[in-house]
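Biologist: I would like to learn how to read the surroundings of a bound molecule in a structure. Could we go through it step by step?

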Amino acid sequence: MEAATVAPRLQISTWVDSDKVARRLRTRSAASFSPRLKDRNMTQVLLPHLPTSKVSNRQRHVALEVSCSYNNFPGMMGSGKTTVGKIMAQALSYSFIDSDSLVEHDVGGTSVAEIFKLYGEGFFRDKETEALRKLSLMHRLVVSTGGGAVVRPVNWKCMKKGISVWLDVPLEALAQRIAAVGTGSRPLLHHGSGDAYRKTYMRLTSLFEERGDSYANANARVSLENIAAKLGYRDVSNLTPTAIVIEALEQIESYLKEEHRHARITF
Ligand SMILES: Nc1ncnc2c1ncn2[C@@H]1O[C@H](COP(=O)(O)OP(=O)(O)OP(=O)(O)O)[C@@H](O)[C@H]1O
Ligand SMILES: O=C(O)C1=C[C@@H](O)[C@@H](O)[C@H](O)C1
């Protein structure tokens, strides 16, 4: 379903008890949600405006009907697409899938690193395009796309069948996360010797120079630096995945509102 056809279904401005939602968020570690209108393939998400501690008791919340049935997360390696995507899927009562895992499955359970080694990057990219095409036909799904999926325009045709949300994480934070777990499973980073953080940071910098413009094609952008600034944190490493999911839902809501406004002007 094209996002533009989804926009007119957006509903906003529901008032709920902020403390209750904050309590639920703390205990469930995911955005508070209540499945609704299942027959129409919709889910209502209660979305608190952050930070809850800095606003009055009876605070405005947004009820967002996400009637688009396919969301996807492009972003650099290690940006948290899997972590954030799984929580988002749980919040929406959608399924979650990682496009790299689908490629691995389609190549007989061969890991991405092995696929690169045995058949080369071109073969992997073709399989990735095939996987994204299959996924774009599915419903009620959140997808974590491979970090390099954004470079092929044909992949965007698939990703734009739903709403794409770019997880924008500072390269320093990415390099720290990746260096901490090692680069063995990431063939494009697994080169050379020396300090793991520095090597990873340099490689990520050159990949981002090539791809930055492509990530910006996404319908919405979630900047960890912006969330940290809103919450008064100095460092993005203090952000919980739940806070990132909430920001992602807010950005989707803004995107849909803008699409709705645009559709009303056009028609
Ligand atoms: N908000 C966060 N703060 C700190 N670490 C995080 C956060 N989100 C994810 N991580 C960690 O970063 C690493 C990468 O996360 P994840 O696998 O979700 O990223 P990804 O974008 O799916 O990566 P890839 O594209 O390489 O598969 C994991 O070790 C995860 O625990
Ligand atoms: O950024 C990339 O090009 C990649 C990211 C991973 O998700 C895998 O898709 C693969 O390692 C390539």
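**Reading two ligand sites**

Modeller: The shell around ligand 2 is made up of Met77, Asp100, Val112, Phe124, Arg125, Glu128, Gly146, Gly147, Gly148, Pro187, Leu188 and Arg211. Please keep in mind that this is a predicted model.

Biologist: How do the residues of the shell around ligand 2 divide into nonpolar, polar and charged?

Modeller: One sorts the shell by the kind of side chain, and for ligand 2 this gives 5 nonpolar, 3 polar and 4 charged residues. Helix α6, which spans residues 121-136, gives the largest share of this shell, with 3 residues.

Biologist: Which side chains place a polar atom by an oxygen atom of ligand 2?

Modeller: Here one looks for pairs of N or O atoms within 3.5 Å. Aspartate 100 has a polar side-chain atom 2.6 Å from an oxygen atom of ligand 2, and for arginine 125 the corresponding distance from a polar side-chain atom to a ligand 2 oxygen is 2.7 Å. The side chain of arginine 211 also has an N or O atom that is 2.7 Å from an oxygen atom of ligand 2.

Biologist: How much of the area that ligand 2 exposes when taken alone does the protein bury?

Modeller: One compares the ligand on its own with the ligand in place: ligand 2 alone exposes 310 Å², and the protein buries 95% of this area. The space that ligand 2 takes is the largest pocket.

Biologist: Turning to the other ligand, which residues surround ligand 1?

Modeller: The residues around ligand 1 include the run Met76, Met77, Gly78, Ser79, Gly80, Lys81, Thr82 and Thr83, and Arg177, Arg186, Leu239 and Ile244 also belong to this shell. By kind, the shell of ligand 1 holds 4 nonpolar, 5 polar and 3 charged residues, and its largest share, 3 residues, comes from helix α3, residues 81-92.

Biologist: Which atoms of the protein lie at 3.1 Å, 2.7 Å and 3.5 Å from atoms of ligand 1?

Modeller: It helps to ask whether each atom belongs to the backbone or to a side chain. In lysine 81 a polar side-chain atom lies 2.7 Å from an oxygen atom of ligand 1, whereas in glycine 78 a backbone N or O atom lies 3.1 Å from an oxygen atom of ligand 1. Leucine 239 also uses a backbone N or O atom, which lies 3.5 Å from a nitrogen atom of ligand 1.

Biologist: And how much of the accessible area of ligand 1 does the protein cover?

Modeller: On its own ligand 1 has 630 Å² of accessible area, of which the protein covers 72%. Ligand 1, too, sits in the largest pocket.

Methods
Residues are numbered from 1 along each chain as its sequence is written. Chains are lettered from A and ligands numbered from 1 in the order in which they are written. This is a predicted model: local features need pLDDT of at least 70, side-chain atom pairs count only at pLDDT 80 or more; totals for chains, interfaces and linings use all residues. Side-chain values use heavy atoms; hydrogens and water are left out. A residue is near a molecule or strand if one of its heavy atoms lies within 4 Å of it. A polar contact is a pair of N or O atoms within 3.5 Å; within protein, one must be able to donate a hydrogen and the other to accept it, and residues adjacent in sequence count only if both atoms are side-chain atoms. Accessible areas come from the Shrake-Rupley method with a 1.4 Å probe; for residues, only the protein chains shown count as cover. On a 1 Å grid over the protein atoms alone, a cavity is a set of points where a 1.4 Å probe fits but cannot get out, and a pocket is an open set with protein on both sides within 12 Å along at least five of seven lines; lining residues have an atom within 4 Å of a point. A molecule sits in a cavity or pocket if more than half of its atoms lie within 2 Å of its grid points. Helices (H or I, at least four residues) and strands (E, at least two) are DSSP runs, numbered from the N terminus. Ala, Val, Leu, Ile, Met, Phe, Trp, Tyr, Cys and Pro count as nonpolar, Asp, Glu, Lys and Arg as charged, and the others, Gly among them, as polar.
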